[in-house]
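Please look over the sequence and the model shown here, with attention to the nonpolar interior and the aromatic rings.

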Amino acid sequence: CYISLSQALGMHLGGAPAGPAGTGKTETVKDMGRAIGKYVVVFNCSDQMDYRGLGKIWKGLAQAGAWGCFDEFNRIELEVLSVAAQQVQCVLNAIRERKEQFVFTDGQLCTLNPSCGFFITMNPGYAGRQELPENLKTLFRGVAMMVPDRQIIIKVKLASCGYQDAAPLSKKFQVLYRLCEEQLSK
């Protein structure tokens, strides 16, 4: 996942992790940013967002050189997504052309820090979610995410610590984690 998102940035695109809830889409972007020392700002998207507000966010990220993670981006209305595509394309084109300053879609001259990055997370198939317009899809590299098999992860961790009976222990830990998840509050 880190490799796909890194390649997206290298190709002057955004990253678009998609998958069911609980797969770590937002956490992956935040962890990757932390690993390379980038400030990551997370925005929880809703159908109340408009193109003016999004435009200010894109400009701010481009000027600061920070990463923006737009959580559940496909909640935004289709009309706003279409304008957002033009705004993102404006910034990404300036990065591709190695400009120090660029004119944003609203006509404002902005300085550019080319180390900025845009990431959108999506939960496809849920009620109230939009299909992304094609002009927006082309600006982001998709990354499919799925729920990890915790038992395998636990087994490997136990084996790496020297446990001889890692397989039966991992099964017991998996049951314990599942019960805790179901019965304890978040």
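The report below takes up the nonpolar cores and then the aromatic pairs.

This is a predicted model, in which local features need pLDDT of at least 70 and side-chain atom pairs count only at pLDDT 80 or more, while totals for chains, interfaces and linings use all residues. Residues are numbered from 1 along each chain as its sequence is written, and side-chain values use heavy atoms, with hydrogens and water left out.

The largest nonpolar core (buried Ala, Val, Leu, Ile, Met, Phe, Trp, Tyr and Cys residues joined through side-chain atoms within 4.5 Å; buried means under 20% relative accessible area with a 1.4 Å probe, protein chains only) has 35 residues, and those with the most contacts inside it include W58, F70 and F118. The elements β1 (14-18), α3 (51-64), α4 (78-96) and β6 (117-120) each supply at least two residues of this core, helices being DSSP runs of H or I of at least four residues and strands runs of E of at least two, numbered from the N terminus. Helix α4 gives the most, with 10 residues. A second, separate core of 9 residues includes L5, V29, V143 and M145.

The whole structure holds 8 aromatic pairs, counted where ring centres of Phe, Tyr and Trp (its six-membered ring) lie within 6.5 Å; planes under 30 degrees apart are stacked, over 60 edge-to-face and the rest tilted. Two of the pairs are tabulated.

| Pair | Centre to centre | Angle between planes | Class |
|---|---|---|---|
| F43 and F70 | 5.0 Å | 20° | stacked |
| W67 and F119 | 4.9 Å | 55° | tilted |

Because F43 lies in β2 (residues 40-44) and F70 in β3 (residues 67-71), their pair ties together parts 27 residues apart in sequence. W67 lies in β3 and F119 in β6, so that pair joins parts 52 residues apart in sequence.

Notes: Buried < 20%, exposed > 50% of the residue type's maximum accessible area, 1.4 Å probe, protein only.
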